[in-house]
Amino acid sequence: MPLVTALISIVAAQTLKIPIHLLTKRSLNLKIAVSTGGMPSSHSAAVCSLAASVGLVDGFHSSIFAIAVLFSVITMYDAMGIRRHAGTHATILNRIIRLFPAHSNELQEDGALKEMLGHRPIEVCAGALLGVVIGILMN
């Protein structure tokens, strides 16, 4: 059941990105359902629902729950840290490329770098909350 719960959380978070994007950006973007970044974090939802489900199934004092919690913390930290900073770097590099149009073909052979990679803390927290709720409801 924990695996199914985590998968359902991913689908729920990715699906919720569409109406949230529509409300906040005033534009319909269906591609956001299969992309990284955005509100809520599907990575956070998945790992937190997994941890909640494991805790409910195997006990909150079990070793497997401890592993699931540690896995969750590392995943969420990475989403807010390394992946978010990589997205910031991509934004800056894309701006630099646009400043030098004479060389843009050489610099952009593969197109613009993807900028929306990581998450703001609120997106990670929303995903975590969604995941825990789904984990509880599924169990």
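# Reading a predicted helical model

Analyst: Start with one residue: leaving aside its neighbours within four places in sequence, G59 is in contact with V54 and F65. The model is predicted, and the values that follow are computed from it.

User: Where in the chain is G59, and is G59 buried, partly exposed or exposed?

Analyst: G59 sits in the loop between α2 and α3. Its relative accessibility is 23%, so G59 counts as partly exposed. The cut-off for buried is under 20% relative accessible area.

User: How many helices and how many strands does the protein have?

Analyst: The protein has six helices and zero strands. Followed along the sequence, the pattern reads α-α-α-α-α-α.

User: What do the contacts say about the fold as a whole?

Analyst: One way to read a fold is to ask how far apart in sequence the touching residues are. Among contacts in the protein with a separation of 6 or more, 73% are between residues 24 or more positions apart.

User: What share of the residues is buried, and what supplies the exposed area?

Analyst: Of the 139 residues, 37% count as buried. The protein exposes about 8,500 Å², and carbon and sulfur atoms supply 71% of that area.

User: How is the length of a helix checked, taking α2 as the case?

Analyst: Compare an expected span with the span in the model. With 17 residues at 1.5 Å a residue, α2 should span 24 Å; its end C-alpha atoms are 23 Å apart, so the two agree.

User: Is α2 mostly covered or mostly uncovered?

Analyst: Helix α2 is mostly covered, with twelve of its 17 residues buried. Among those buried residues are S42, A45, V47, C48, A52 and G55. The cover over the buried residues of α2 includes α1, α3 (63–80) and α6.

User: C48 is a cysteine in that list. How many disulfides does the structure have?

Analyst: A disulfide needs two cysteine sulfur atoms within 2.5 Å. By this rule the count is zero. The cysteine sulfur closest to that of C48 is in C125, 9.2 Å away, so the pair is too far apart for a bond. From the other side, C125 has its closest cysteine sulfur in C48, again at 9.2 Å. C48 is buried, with a relative accessible area of 9%.

User: How many salt bridges are there, and which residue does E123 pair with?

Analyst: The test for a salt bridge is a side-chain nitrogen of Lys or Arg within 4 Å of a carboxyl oxygen of Asp or Glu. The structure holds one salt bridge. It joins E123 to R120, and the closest N and O atoms are 3.7 Å apart. The two partners have separate exposure classes: E123 counts as buried at 8% relative accessibility, whereas R120 is partly exposed at 42%.

User: Which residues make the nonpolar surface patch, and which helices supply at least two residues of it?

Analyst: A patch is read by asking which exposed side chains sit together. Here M1, V4, I8, L56, V57, F60, V132 and I136 make a nonpolar patch of about 680 Å². Helices α1 (2–25), α2 (42–58) and α6 (121–138) each supply at least two of the patch residues. Take I8 as an example: it is placed in helix α1, and with a relative accessible area of 35% it is partly exposed.

User: What should be checked in the backbone of the loop between α1 and α2?

Analyst: Look at the peptide bonds and the phi angles. P40 is in this loop, and the peptide bond from M39 to P40 is cis, with omega near -10 degrees. R26 is also placed in the loop between α1 and α2. Although R26 is not a glycine, it has a positive phi of about 60 degrees. R26 counts as exposed, at 68% relative accessibility.

User: How far is I92 from L113 in space, and which helix holds I92?

Analyst: Sequence separation and distance in space are read as two values. I92 and L113 are 21 residues apart along the chain, and their C-alpha atoms are separated by 9.8 Å. I92 lies in helix α4, residues 82–99. I92 is partly exposed, with a relative accessible area of 42%.

Definitions and conventions
Residues numbered from 1 in each chain as written. Predicted model: local features only at pLDDT ≥ 70, side-chain atom pairs only at ≥ 80, totals over all residues. Heavy atoms only, no water. Patch = residues over 30% accessible without salt bridge, like charges linked within 9 Å, V, L, I, M, F, W, Y side chains within 5 Å. Areas by Shrake-Rupley, 256 points an atom, 1.4 Å probe, with all protein chains shown as cover. Helix = DSSP H or I, 4+ residues; strand = E, 2+ residues; numbered from the N terminus. Buried < 20%, exposed > 50% of the residue type's maximum accessible area, 1.4 Å probe, protein only. Contact = heavy atoms within 4.5 Å. Expected span 1.5 Å × (residues − 1).
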